[in-house]
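Hi,

Here is the structure I promised to pass on to you. Have a look at it first, and then read on for what turned up.

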Amino acid sequence: MSLAEPAISVRSLTHLRALEAESIHIIREVVAEFERPVMLYSIGKDSSVMLRLAQKAFHPGKIPFPLLHIDTTYKFGEMIQFRDWYPASIGAELRVHTNRDAIANGANPFSLGTQKCCGLLKTRALLDGLAQGNYDAAFGGARRDEEKSRAKERIYSFRDQLGQWDPKNQRPELWNLYNARVDKGESIRVFPLSNWTELDVWHYIYLEGIPIVPLYYAKEREMLVRGNSLIPVEYNYPLLPDEQPEKVMCRMRSLGCSYCTGAIRSTATTLPEIIEELVSFRRSERELRIIDHDQEGSMEVKKREGYF
Amino acid sequence: MGTPSTSIEQFLREHEHSEMLRFSTAGSVDDGKSTLIGRLLYDTKGVYEDQLAAVRNSRINRSTGEFDLSLLTDGLRAEREQGITIDVAYRYFHTPNRKFIIADTPGHEQYTRNMATGASTASLAVILVDARKGVLPQSRRHCTISWLLGIPHLVVAVNKMDLVDWSEEVFANILADFEAFVAPLGITGITYIPMSALEGDNVVERSRRMPWYTGPALLEHLEQAPIGKQYNYEDLRFPVQYVVRPDLDFRGYAGQIASGVVRQGQRLTVLPSGRSSRVKTVTAWEGDLSEAFAPMSVTVTLEDEIDISRGDMLVDPARMPHVSRRFAAHLVWMNDAALEPDRPYLLKHTTQTVGATVTAVRYRLDVNTLSEEPADGLALNEIGVVEVETARPLFFDNYRKNRTTGAFVLIDPASNATVAAGMITERKEDNRAADLSAALRSEEFTSGRLTPAERYARWRHQPATVWLTARRELAYLLERRLFDRGCLVHAVVDEFESHVLPELARFSNQAGMIAICSSGSDDAADRERARTLVGGERFVALEGYELSPDDSKAAFQIIQALENRGILPADRFQVGEGI
């Protein structure tokens, strides 16, 4: 039997290996202490990393919980293709939940506005999906460097029976001793990537060769150019008078619903180029996510309502 | 953020090998903490341009500079509304050599628990002192809590030196005051840095305005502080978190190494059973490793089949932890409802959660003066030394020696709230022997340190109890048949005193033996007791109507049942008959 060399010769972990060890500990802890955990799978780069960490946590066994995708039906086609391929290819079980009633009643971002649309198709759908599966713990790929309200959120984020977060009444969280106690109907959202930064995520994807949705790579795409915003042409979005889609070399920095996720002009077609762009431009990835900016303290308000 | 010096490849190589340092800060409005962190983030390019633009465009500017750096650490809306910092915020930046995680905590007395939370995972603390005000209760509190939570490196940042004319004397006086305060705690080796976060002196770049100071700027110090010191590589402590069992061939114990090094081939002791085995593999996704060390998350497989579950701990037999139900600890109380001695709490320690009570409060510690005061309980944000008793033994070390196996939290089982954080200071006297034997008084231990796997290797069968009702002759015939197959077997025939048979069966099974019990006809209660005592998986009782009245045929039926249940390996001569 041949043995792999220890991670490094001196006994000190690189920051990525230290983050990895911490995340694996968190994922195992949840599986050991909760009855019905689930992993929220958003198809994005953070979900891809979280999935790899889950594989590592239970290797050589399989991931012992299902993945749940909240499908607003406004996701990019390439995201859905990736969703239907990748989790299955690693033997993970994927469940999909959509707020069918809202869709049937015509919920869409153009007529409802992004805030209301998001409330119905994401937050409501998420809460219903979690309630339906009776899940008592849900992993999410959120990171603390993403947004200021997340900077203060615990790794185990307690949610009441309505899925709401109370920022003023969080449980103290010391060392790696997580409090998993919940009463019936209450739950915990767990964020194993809390201490990762966007750069850490990209670097880990690069080192580990983790598959990601091709939308992250630059390519000529049909876009609507509105001021500084690049809006992808999908799902027959209503055009402005005299508006014509243009071919633009661009990529997505983060993935959400196609209408609410702006693209950036970019020529980065490889991971090192994406990372180079990231370290030289230094614009925060959520800048182009409309939902973060539709009102003051936007993310904090959504989280209080039950958004993950 | 370090910009790629020559190429992205070089940047990636550097960044890949960079280490991680977690440090804590504490402070409140006006002491310059937000400005200091804002300065670190800004000067290391840890701020995104759009976030910076928002700050530049902000109407608020409490500083004299171009824009207010302290706004970069702006928090929750709830906090902005009240103009205070409520909770720990985590912030991130990096230099080419290191990734830094700041646990940014509020400084007021009512947030002692948040300070403790931030300090629990930090390996360095930056304690802020306002040069104009000198050493205030808040700096003392942060220092004491950092010491209690075992942070190995303390830095005292004497800030706002611009407001005291960069005076060496002011700095020297603060240093002397601080040293006098920490002397009783036995703290040495504190690094003192005079700075102005507002002007940027000695934060990232060395100041030219204080030529009398020859030490490093804060960031230089953060980049050089030794990191390895935070882990103990001597005493192996591997708390079992989860058992990975994908199939019958693999049974691995998953966990994060709390301290020490685990190597392939190493002999380990399992607590609480006290049984020992060797490490067969140290398994990771990348392949089997020759060794793994703290804080890696790995999966360990052992040479022997031992019953191990979550909450057990794998340790080096030459360097055992304490095993006890009683110990003393520093306790930081974190809940509005005060500590009540003798009230049941849940205690979470490594991977086990047990019932616990605080049996006595020895004293309350005044964080500002370090004086010990008598107390009956502890209220929110109070710190004391208490005695704790747990329902099951814990495997622990002094917190000073091991920040993982010396730490615990208390949870109120009624409200589910995390009510306290504890740091174990000592095992209580005179109970080690008693506790050890209690801990080791398990079924396996009473039958000796031989493992079931060793017994199986010798006898080639599992232990079992065959229960017969009034079939004395069948019992003897079956004993003969099994003996002839090389089994360790004993017919325990007692039709008059059958109530002792369950105990006899259990003892025989512990020795690895197949016990054939034949009892009197009215034995239903004894049979069920035996089933419970020896365990269902070892208990074989064929009902009367299933069992042939012919002894020879009945013996064959029973042997087949033993084979089907995996207790006896199938007899290849019989199986192969048809070939």
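How many disulfides does a search of the whole structure find over all chains? The count is 0. Please keep in mind that this is a predicted model. Two cysteines of chain B came up along the way: B:Cys517 has a relative accessibility of 0%, and since anything under 20% is classed as buried, this residue is buried. B:Cys487 is likewise buried, because its relative accessible area of 7% falls under that 20% limit.

Now to the interface of chain A and chain B. On the chain A side 82 residues make contact, and they meet 90 residues of chain B. Between them the two chains bury about 7700 Å², with carbon and sulfur atoms accounting for 57% of that area.

There is plenty for you to look at in polar terms. The rule picks out 32 residue pairs in polar contact across this interface, both partners being at pLDDT 80 or more. It also finds 7 salt bridges between chain A and chain B. One of the salt bridges pairs A:Glu29 with B:Lys348, whose closest N and O atoms lie 2.9 Å apart.

As for the helices, α1 (15-33), α2 (45-58), α7 (198-208), α8 (271-281) and α9 (298-305) of chain A each provide at least two residues of the side that touches chain B. The most comes from α1(A), which gives 14 residues. By residue class, that side of chain A splits into 33 nonpolar, 32 charged and 17 polar residues.

Best wishes

Definitions and conventions:
Residues are numbered from 1 along each chain as its sequence is written. Chains are lettered from A and ligands numbered from 1 in the order in which they are written. This is a predicted model: local features need pLDDT of at least 70, side-chain atom pairs count only at pLDDT 80 or more; totals for chains, interfaces and linings use all residues. Side-chain values use heavy atoms; hydrogens and water are left out. Contact means heavy atoms within 4.5 Å. Buried area is the accessible area (1.4 Å probe) that two parts lose on being put together, summed over both. A salt bridge is a side-chain nitrogen of Lys or Arg within 4 Å of a carboxyl oxygen of Asp or Glu. A polar contact is a pair of N or O atoms within 3.5 Å; within protein, one must be able to donate a hydrogen and the other to accept it, and residues adjacent in sequence count only if both atoms are side-chain atoms. Helices (H or I, at least four residues) and strands (E, at least two) are DSSP runs, numbered from the N terminus. Ala, Val, Leu, Ile, Met, Phe, Trp, Tyr, Cys and Pro count as nonpolar, Asp, Glu, Lys and Arg as charged, and the others, Gly among them, as polar. A disulfide is a pair of cysteine sulfur atoms within 2.5 Å. Buried means under 20% relative accessible area, exposed over 50%, partly exposed in between (1.4 Å probe, protein chains only).
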